[in-house]
Amino acid sequence: SGGERKRTAVGAELITNPQITFLDEPTSGLDTGAAYDVISVLKQLTQMNRSVLATIHQPSSEILHLFDQAIFLVEGQVAYQGSPHDIRAHFSKLDMICPEDYNPADFVLFCIQTHDDTRIEKVVTGWADKGEKREPLKAGGEEPLPAIPKRKGFCTELSALSIRELRNAFRDKGTLGARYGSTIFLTLIYGLVFFQIGNEDMEKGVLVTRDGYDAQSHAGALTMIGISCMFGVAQPLLLTFASERPVFIREYASNMYGTVPYFISKTAVELPVVFFQTLLTWLLAYFLMGMNGNFIIHVLGSYLISLAAASTALLAACIVSDAKQAMEAAPGLFVPQILFAGFFIKMESVPVFCRWLQYICSLKWGMNILLWNEFDSPNSPDVLEVNDVNEDHMWLYVAVLFGITFGFRTIAAIVLTRKAKAFYN
């Protein structure tokens, strides 16, 4: 409920035992009893050498008198500042009598909001002319102010964050179901369109009749799987992380945990989710399309494409402001990768000043692995040569994909840390 979320948000801010706590309407959305409990806890903090400042909306009399000081503002000027117990006496001197059965806070706010400018000026002037010297209000308690608390340690943070990420992943059954459901649906479409496209001996079958084997269509089917793995992982992450980012910024500013355990925990939960998504793709596509390469290498190669695409999406989600901007930026990030995958144009035909883009396009390096695995045989056509695939550079392709994956995540962590620091500084 809204009240539970409100109390959880307040409790989360108190975990690190802050010396000064600012709250914006902590009782809004709570019933009278829950609101009183929240303010009572905050009152206890002031007895432990803690300072609490809060804006509050329509407090009950019981809640109002828990405060040590109350400040009423009108048009940016102070109408009253002092103990809630002295509100009636002060406004009585201004010919504004608060009845005994009225809440003083409601009375003052009603007067301020309903009286004309002349009466409001009288209230402001009446407080200014009072001219009392205000001594700083000291927090109660005799205990010395404790040192700034340290975080619990890397392992503790990583464990707690990993458990939370795993729980959130399984709780969000709709997103998880849509992710795997769309993967099954699209792969079935690809499998039917490219049905047995890799079977060189099949010219006539139940679903399709062909004039002969077509190597270009065979490579095109493989390219579609690579593109599907890229978009199937990147798009969900762009949406989810952009919406989760404000939570990280708030918790990071509260010194609850660091950026490194946060990113490692997200990666640890993301790895098996992406792997099963890739495995599911190939369990359907491999047999429907009649592929010939090593099944495990196909899965691992596509897995690397997915991880690199996820890192690219993560970096984009850290840079932009919200989920809408992230989705608008997605075509600009991933569509150019299709151009450099080697299927549409050979790299030597691309203008020299554009060729450097291939080195940060994960789809190209992943497709090189998939094409090598599928067509590296004496009887295969010259697909590898046409697509600029060097059989001796397979480990280089793997290394580049790992570099993009971890490099982009490292940059994303740095960008997000800077944003979190700049947001509250």
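This tour visits one helix, α9, and the two helices that it meets in this predicted model.

Begin by selecting residues 215-253, which form helix α9, and keep them coloured throughout. Two packed helices are described by the angle between their axes and the distance between the axes, and both values can be followed at each stop.

**First stop: α9 and α13**

Add residues 362-375, which form helix α13. The axes of α9 and α13 come within 10 Å and cross at roughly 135°, and the two helices are therefore oblique to each other. If you turn the view to look through one helix at the other, the crossing of α9 past α13 is right-handed. Now show the side chains at the contact: on α9 they belong to A215, H218, A219, L222, T223, G226, I227 and M230, while α13 contributes L363, M367, L370, L371, E374 and F375. Sorted by character, the residues of this contact comprise 10 nonpolar, 3 polar and 1 charged.

**Second stop: α9 and α10**

Hide α13 and select residues 259-289, which form helix α10. Here the axes come within 11 Å and cross at roughly 155°; because angles over 145 degrees count as roughly antiparallel, α9 and α10 are described as roughly antiparallel to each other. This crossing, too, is right-handed. Among the α9 residues to display are L222, C229, L237, F241 and Y252, and those they and their neighbours meet in α10 include Y262, F263, V274, W282 and M289. The residues of the contact of α9 with α10 divide into 15 nonpolar, 5 polar and 3 charged.

**Last look**

Which residue should you select to see α9 taking part in both contacts? Try L222, which is listed in the contact with α13 and also in the contact with α10.

Conventions
Residues numbered from 1 in each chain as written. Predicted model: local features only at pLDDT ≥ 70, side-chain atom pairs only at ≥ 80, totals over all residues. Heavy atoms only, no water. Axes fitted to C-alpha atoms, helices over the stretch in contact; angles between N-to-C directions. Helix = DSSP H or I, 4+ residues; strand = E, 2+ residues; numbered from the N terminus. Parallel < 35°, antiparallel > 145°, perpendicular 65-115°, else oblique. Left-handed = near helix turned anticlockwise from the far one by under 90°. Contact = heavy atoms within 4.5 Å. Nonpolar A, V, L, I, M, F, W, Y, C, P; charged D, E, K, R; others polar.
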